[in-house]
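Subject: Structure handover

Hello,

Here is the structure for you to look through. My notes follow below it.

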Amino acid sequence: MKLLSQKRHAIDFLFPVTVFFVFTISALTVILLAARIYQSTADDSQRNYTSGTALSYITEKLHQNDLEDSIFLDELDGTQAVVLRQETEDAFYLTYLYVWDGQLRELYVKEGTPLSPSAGKSILPIKEFSAEETENRVITFHCTDTSGETASAVYTIRSVSR
């Protein structure tokens, strides 16, 4: 019996190589697109993190302390601050939320205690912060982060004033 000899054609080599290159190029394209989408998402997240998170933090603190005559705006050593007044069995305590030295800070002290803005606990890096209250008990906050992005929030004091 005569053995059949196999002839090798160019297509036997070119077809698998072409499939391999098409697969490689497709995989690299998908990886590059995914990396660009990830970078865009990370940039957006970073931009929204500081100013948006700072305002969320402040409004959540206001929600927690929205009791009769417990929220008001004041100044702390020339810096505008949101003040939350809390009553315990033995004394009144004040929580100051303000921006000092490029940081959103929180200072919790007993009423009547001498204050130093640098004593507050740093929460987030913030460039500018402002708050204004209207006659109908609405406070509008504006916050600018270190990258220059500005966010705003509006909070309505719901508790009844005396």
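Start with one cross-strand pair: Ala81 stands opposite Tyr98 in E3. This is a predicted model, so local features need pLDDT of at least 70 and side-chain atom pairs count only at pLDDT 80 or more, while totals for chains, interfaces and linings use all residues. Residues are numbered from 1 along each chain as its sequence is written, and side-chain values use heavy atoms, with hydrogens and water left out.

**The open sheet**

Strand E2 (residues 79–87) pairs with E3 in the antiparallel sense, over 7 bridges. Strands (E, at least two residues) and helices (H or I, at least four) are DSSP runs, numbered from the N terminus. Two strands pair if DSSP finds at least two bridges between them. E2 and E3 belong to an open sheet of 5 strands, in the order E1-E2-E3-E4-E5, with antiparallel pairing. Its edge strands are E1 (71–76) and E5 (121–125), each pairing on one side only. Neighbouring strands in this sheet are turned by 25 degrees against each other on average, direction ignored. The axes behind that angle are lines fitted to C-alpha atoms, for helices over the stretch in contact, and angles run from 0 to 180 degrees between N-to-C directions.

**The two hairpins**

E6 and E7 run antiparallel and are joined by 6 bridges. Ala131 stands opposite Phe141 in E7. The two strands form a hairpin with 4 residues between them.

E7 also pairs with E8, again in the antiparallel sense, over 7 bridges. Here Tyr155 in E8 is the bridge partner of Ile139. This hairpin has 5 residues between its strands, and Gly148 in the turn has a positive phi of about 95 degrees.

Side chains alternate along E8 (residues 150–156). Ala151, Ala153 and Tyr155 point to one face and are buried (under 20% relative accessible area; exposed is over 50%, partly exposed in between; 1.4 Å probe, protein chains only). Thr150, Ser152, Val154 and Thr156 point to the other face and are not buried.

**Cores**

In soluble globular proteins, nonpolar side chains tend to be buried together. A nonpolar core here is a set of buried Ala, Val, Leu, Ile, Met, Phe, Trp, Tyr and Cys residues joined through side-chain atoms within 4.5 Å. The largest one has 21 residues. Those with the most contacts inside it are Ile58, Leu62, Ile71, Val82, Ile126, Phe129 and Phe141. Helix H1 (10–64), E2, E3, E6, E7 and E8 each give two or more residues to this core. H1 gives the most, with 4 residues. A second, separate core has 8 residues, including Leu76, Ala81, Tyr98 and Val109.

What does Phe129 touch, leaving out residues up to four places away in sequence? Its contacts (heavy atoms within 4.5 Å) are Ile58, Gln80, Val82, Leu97, Val99, Phe141 and His142.

**Rings**

There are 3 aromatic pairs in the structure. Rings of Phe, Tyr and Trp (its six-membered ring) pair if their centres lie within 6.5 Å; planes under 30 degrees apart count as stacked, over 60 as edge-to-face and the rest as tilted.

Tyr93 and Tyr108 are stacked, because their ring centres lie 5.4 Å apart and their planes meet at 10 degrees. The pair links strand E3 (residues 92–100) to strand E4 (residues 103–110), with the two tyrosines 15 residues apart. Tyr108 is partly exposed, at 47% relative accessible area.

Phe129 and Phe141 are also stacked, 6.0 Å centre to centre with 20 degrees between the planes. Phe129 is in strand E6 (residues 128–133) and Phe141 in strand E7 (residues 138–144), so this pair ties together parts 12 residues apart in sequence. Both rings belong to buried residues: Phe129 has 12% relative accessibility, and Phe141 has 0%.

One charge also sits over a ring (NZ of Lys or CZ of Arg within 6 Å of the ring centre and within 35 degrees of the ring normal). The charged end of Arg85 is 3.7 Å from the centre of the Phe92 ring.

**Backbone**

Most residues other than glycine have a negative phi. Where do the exceptions Asp69 and Arg137 sit? Asp69 is in the loop between H1 and E1, with a positive phi of about 55 degrees. Asp69 is partly exposed at 31% relative accessibility. Arg137 is in the loop between E6 and E7, and its positive phi is about 65 degrees. Arg137 is partly exposed too, at 24%.

Best wishes
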